[in-house]
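Please read the following report alongside the sequence and the coordinates. It takes up chain contacts, a helix pair and domain layout in turn.

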Amino acid sequence: MTTQLTENIRKIAARLLSEKTVDAVIGFREGSVPLMAEPVIIRDPKDAEGLVFDSFCGVNLANYLPGRKERIGIAAKGCDSRNIVTHLVENQAKRENLFIIGVPCTGMADRRKVRKALGGDVSSAREEGDEIVAAGPAGEVRLAKKEVLQDNCKTCTHRNPVISDEMAGEPVPEQEGVDRYADVRAVEALENEARWKHFEEIMSGCIRCYACRNACPLCYCPTCFVDDSKPQWVGKSLDKTDTRTFHFLRAFHCAGRCTDCGACERACPVGIPVRQFTKKLLKDCEELYGWEAGVLPGVRPPLDVFKLDDPQDFIR
Amino acid sequence: MRLLQLSHSDLTRGVEALRKAFRVEAPLPERDHFVFGPLPAGAALDLSAANTRLSAKSVIYPASEKMLRVSLDPAKEDHHVYREADKDYSPRAVLGIRPCDARAFTLVKPNFDNREYRDPYWVRSYECSTFVGLACKSPCSTCFCTSAGGGPFDTAGLDVLLAESGEGFIAQVLTEKGEALAAAAGWSAAAPEGAEAALSAMKAEADARIVSRIETEKIPGKTILSLFDAPFWDDAAFACINCGACTYLCPTCWCFDIQDEAHENEGVRMRNWDSCMFPLFTLHGSGHNPRPNKTARVRQRFMHKLKYYGDKYGGGIHCTGCGRCVTHCPVNIDIRRIASLMNGYEPDNACAL
Amino acid sequence: MENPYLPIPVRIDKVTIETEDRNLKTFRFVYVNPADENRFQYKAGQFGELSVSGKGEIPIGIASSPTEKGFVMFTVNKVGLVSSALHDMVEGDVMGIRGPLGNWYPWETLEGKNVVIIGGGFAFTTLRSSIVMMLDPANRGKFKDIHVVYGARSPGMLLYRDELAAWEARDDINMHITVDSAKDQPDWKYNVGFVPAVTEAKAPKGDDDTYAIVCGPPVMIKFTQPVLDKLGYKHDHIIMSLENRMKCGIGMCGRCNIGKDFVCKDGPVFTLEQLNKMPKEY
């Protein structure tokens, strides 16, 4: 069943392409496997019929903007829109080349949670209202969507796009009173040694495939520091120090820029809770600078600018 | 081939007996999945995984391994002379490997073991291993092994294949290595009459459960250049983020990087898995990159799997249909979709250059 | 089992700075264990992996000729991590070489034929190996006319300048040395002009008995190819040597492929006829 949201995205995309407002539209097409959708670029208004939007469209489409020269229409959920704002601030996209189709979002299904709930391989899945209906080894199961949301979606307070040219649906109510940093506080409460162990454990099994980095809209550096050879900052084996260096440095590089879109965690093929590396920095930016990334168009992130009254208690 | 009957306790006792003569590697739980690794002392064999998240290739060919060592200390007599790194190639039993992963080794072998060169690390590691497979009675929806040349009961690359049956297993002992392992495990009870027929029936049932397919039949008849120049690559590659998840999870991807590392006066030459998805993979020292963009790299991956490999080594595709890349690709690039684009592609003018 | 990754230890016997920008140096190696020379029996056109301990390996064409005994020679451009480390090494230092690797110019086919060597810039190393090999008294009779077109940006950027002068003086080889520009060099007595133009003016016409070996930067190859077409060279008579990023050098690590062929093992030498059927991923 096609939702009204999908219908509206198709209509807007077809109109933008046939009126030549844009050269191409970036959106999603139906996935080839359950609980997934594939990012797609279309140039022909006829192809708008293939676009979809549902709770399986978790990929952050802002990741596909850097380097594009054409005029692009892009379907943007709340987090995508915040990364577009960040791209605009960081000169990775030009506002005049973008037509942002705002997509109100009620959160994305975490395919691992669905898999876990079903106790194995998910052979089909569809969305019905507030439920995910999925078939697994024991047959079809109805799951409340809120139970299988991605962790970042559970505490998201920007479900509606912060910037758009046309909305594809009525704004959804934002979540109120969510505790965004319970997990960070739990880690902060640990003794140094236990905290180190915590990070060692969540990092174990990392295969350095860089899916986290490459799924992240912030990671557009032409040459990532892990790929530099002159000088070579980081070794390439699975040495723990090198793996740590990669994750920690990447997290710091995203400080004040990360929108907690969850792309990194979603992409990791071995289930590393990658957001554990970035979230403390999110919390710090909020507490120290009153800053949330990608919410204010045109404002540079706090670690990108210097102000005389910047807090400096952490410099010792 | 010989058929044995094993009870669950035969299996458990057998695993303990094997530890005396073999290093035992098996699927181990990690977070929400399983990976192959040395079975810790006292740990029971857990065969509940549909398959391991990473393929079993890491057992033979680790993600990162020392190849050579060298002393950089001028006081040492053989300073700056490379030596082989110390390795353990004592007998190893790989338990619970799925047929797709075992078959993958037979596809990878021509790369590492051919008439021109033998890669001593891969060859020795492979040769010291005895593979005890576990037939797939409940394949996943993303499994397409039957159209990739294998199957849920395929025996290629295996020494023993276990199939769950009733209160235990029917074990097919397939090779001399398999016989030696069965002897070491104390498995000797012949399967009852009718086991062979039961096995055939189970195999037929499992085969029928694989409903997903990869279409490649027409690819061998097309030229490399016609497929290479096909118009669909840009769109097919659009979603790809050029991470290495597909290649690192894949049982047949074999590409590696060689890196020297030095700590004070000790140097090692390492080999680490590498990926054709990474720009650095082909970057020349001059800055020129023959595969300069995402499209070129995605095309390389699928052309290698579905065209170059078959053309070079004589038939077949370089894929066992395990479905890992399909299931775990963060952006839903699907080799089955790409294969059908390639398979169905007919250049407008077959004579065009 | 023989380990094809294990370098043969060699000692740097002599370092020669080749070019005025000092970016190209020729390293002459002798074997730490003299018996190892037998393990490094090569043909002109092959390459080796030079191994700098703690830094890594680089694939470099063999510049010495199989007829030169007791040493092996490589000319290395300073580009990356390993080549820079190598440039810092001095006579007496111990390092490793691996090989010989890859195929070679098709000497079996070239016997009894005219050979036209066309090279540019620092891609003249395996061509030097070829020339020295062909000019060896034991071999010269196996080939008919030998022509060499070799160009560089300026006289100071030519490799092996003493040898070039010596070959110029011989009558069993036709040398056509050229530079893009010879200003500030009033003594320059050879050609001025780009390699394609000099090839068009000086190289013999193509026929069944004449083969061209072309090795140089992409821009030179791009403009030389139409000239050879014009001169009547068939594409199976045009022989080229390719470069791609390599690691293992033995067809295993997977990065240097062009279509189904590995540059390191199935190449680096291909005929233009072969390359026409391969993707342009080099």
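The text below describes contacts between chains, one helix crossing and the domains of two chains.

This is a predicted model, in which local features need pLDDT of at least 70 and side-chain atom pairs count only at pLDDT 80 or more, whereas totals for chains, interfaces and linings use all residues. Residues are numbered from 1 along each chain as its sequence is written, and chains are lettered from A and ligands numbered from 1 in the order in which they are written.

Between chains B and A, 38 residues of chain B are in contact with 34 residues of chain A, contact being taken as C-beta atoms, placed from the backbone, within 7 Å. Elements of chain B that give two or more residues to this side are strands S3 (33-38), S10 (256-263) and S11 (266-273) together with helices H9 (245-249), H11 (324-328) and H12 (335-344); helices (H or I, at least four residues) and strands (E, at least two) are DSSP runs, numbered from the N terminus. By class, the side of chain B that touches chain A holds 17 nonpolar, 12 polar and nine charged residues, where Ala, Val, Leu, Ile, Met, Phe, Trp, Tyr, Cys and Pro count as nonpolar, Asp, Glu, Lys and Arg as charged, and the others, Gly among them, as polar.

Within chain B, the axes of helix H10 (residues 294-313) and H12(B) come within 11 Å and cross at roughly 65°, the axes being lines fitted to C-alpha atoms over the stretch in contact, with angles from 0 to 180 degrees between N-to-C directions. That angle makes H10(B) roughly perpendicular to H12(B), a term that covers 65 to 115 degrees. From H10(B), B:Phe302, B:Lys305 and B:Leu306 meet B:Ile335, B:Ile338, B:Ala339 and B:Met342 of H12(B), and this contact has six nonpolar, no polar and one charged residues.

The domains, whose bounds come from an automatic or database domain assignment, are set out here.

| Chain | Domain 1 | Domain 2 |
|---|---|---|
| Chain B | residues 2-54 + 86-209 | residues 219-344 |
| Chain C | residues 8-101 | residues 107-241 |

In chain B, the C-alpha centres of domain 1 and domain 2 are separated by 27 Å, and 20 residues of domain 1 are in contact with 16 residues of domain 2. In chain C, the C-alpha centres of domain 1 and domain 2 lie 24 Å apart, with 17 residues of domain 1 and 14 residues of domain 2 taking part in the contact. Chain C has eight helices and 15 strands, and its C-alpha atoms fill a box of roughly 50 × 45 × 35 Å along the principal axes.

Definitions and conventions. Contact = placed C-beta atoms within 7 Å. Parallel < 35°, antiparallel > 145°, perpendicular 65-115°, else oblique.
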